[in-house]
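Please take a moment to look over the sequence and the model shown here, and then follow the description one part at a time.

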Amino acid sequence: MKILTFTGKTPSEALKKAKMEIGDEGMLIETKEIQKKALGRTALYEIVIGIDEKDLPFSYKKKMQKPAFEKKELEKESKEILFDISNAARQISKISDVTQGDDTLYERQTNQTTLSAEPKELKEIKNEINKLTDKVKIIQNMFWDEKSPDIESQIPPEFAEIYRLSLQSGMNKDHLDSLMQVTLEHMPLKMRENSTTVKRYFQTILRKMVPIRKERPLSIGRKKVIMLVGPTGVGKTTSIAKLAARYSYLVDKKYKVGLVVLDTYRIGAVEQLMQYARMMKLGIETVVDPPEFSNALDSLKYCDYILIDTMGSSPYDKGKIEKIYECLNGNQTDFSVDVVLVMPSSIKYEDLKITYDNFETLGIDTLMFTKLDETMSFGNIFSLAYETKKPISYFSVGQEVPEDLVCASNDFLIECLLHGFNRSKA
């Protein structure tokens, strides 16, 4: 008897999968919950089916045999390629008259493009090595997740590396599959010959999918009011200080900046912002109740930029979010308020989406992400911007004021997503 397992979000879903795969001949042995339902994730059930091997459908037997067969073939091909590369390397060594241990000499000879032309045979062999090396890379990436055989059937081998990198970066799988489909449909066939061109083309697709709001200088006589909202501890107060310093000292024109503090729940936050205001000689107003909000804005009407720090709150704390909403709704001035949702880059996409959904009632205009220096995964940022269609305005890449603030760009985010955070490129 064969013992088979099937999983699903519910026992009935798992049973349905079993019937589709092996028909009605199997016997249900056990049903168990292997993943409990929790915030941001669904429950997962597993059923165990027993069935005589003779009752297994032919298509299922073939499916069971296929992965092992393909794996052996790929491993065999990989060994042959490695053998070919080894032989090619020896030929290059012989033609170039380079001893096997003299790596420095070899690198020096292969990198000096200004010297006389290489022998034709040497060029041909080096071209073959490049092709074989890329083929090995493709085969290696095809083994990246043996638990997901459907990936191999849906994604061409040349795309395996870029698919793996994007998925491991925290990008939502549905978003990745959708973008991969667009890439497959529109990418010229000639560009599919190796993984490098595939990666470059996919990077271009990703860059086009990230909405960005670029920072622009204020027109004469215009004022801008920016309110930062978001959960507790994401760095709103520090980000306010960075923006204030940027607008006051770092941009081409030195603007007058004023601060408004709604975060009277935390005395420390108020004191911290007042200290920044004293250091930069900025006007500052505090608001305890929503009716005071308009008066605070009116008191700072001489400023070009008015930056508003709000109380941090859990996405589920409707009371604090409602209080912010009352301030916005009760605004009696002529100033329109840009609402910037500040979130940490170090949490998974599902948590970012829950945070966005709960603050969405405030009328989010742009997104700002902090703590980029504390994570290695950036696909979650891409997925949230892609899903909500809300542009990203700034990235905070550390605690230093005002240095660690970066105007958002497509290139910077995609570079982080595929290659990790690099402070020198911020």
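At 35% relative accessibility, D357 counts as partly exposed, a class that lies between buried, under 20% relative accessible area, and exposed, over 50%, with a 1.4 Å probe and protein chains only. The model is predicted, so local features need pLDDT of at least 70 and side-chain atom pairs count only at pLDDT 80 or more, while totals for chains, interfaces and linings use all residues. Residues are numbered from 1 along each chain as its sequence is written, and side-chain values use heavy atoms, with hydrogens and water left out.

Side chains of opposite charge can pair when their charged atoms come close. The side chain of D357 meets that of K353 in a salt bridge at 2.9 Å, N to O, where the term stands for a side-chain nitrogen of Lys or Arg within 4 Å of a carboxyl oxygen of Asp or Glu. Both residues belong to helix 13 (residues 349–359), and they are 4 residues apart, about one turn of the helix; helices (H or I, at least four residues) and strands (E, at least two) are DSSP runs, numbered from the N terminus.

By this rule the model has 7 salt bridges, and another of them joins D338 to R213, with the closest N and O atoms 3.5 Å apart. This pair links distant parts of the chain, since D338 is in strand 8 (residues 337–344) and R213 is in the loop between helix 8 and strand 4 (224–229), 125 residues apart. D338 is buried, with a relative accessible area of 18%, whereas R213 is partly exposed at 31%.

We can turn next to helix 11. Within this helix (residues 292–299), F293, S294, A296 and L297 are buried. These residues lie on the same side of helix 11 because they cover an arc of only 160° around the axis, the arc being that of the directions from the helix axis to the C-beta atoms. Among the elements that cover them are strand 4, strand 7 (305–309) and helix 12 (318–329), where contact means heavy atoms within 4.5 Å.

The last topic is the sheet. Its 8 strands form an open sheet in the order 6-5-7-4-8-9-10-11, with mixed pairing, and two strands pair if DSSP finds at least two bridges between them. Strand 6 and strand 11 (405–407) stand at the edges with a single partner strand each, so one side of each is left without a neighbour in the sheet. Strand 6 runs parallel to strand 5, and 4 bridges join the two.
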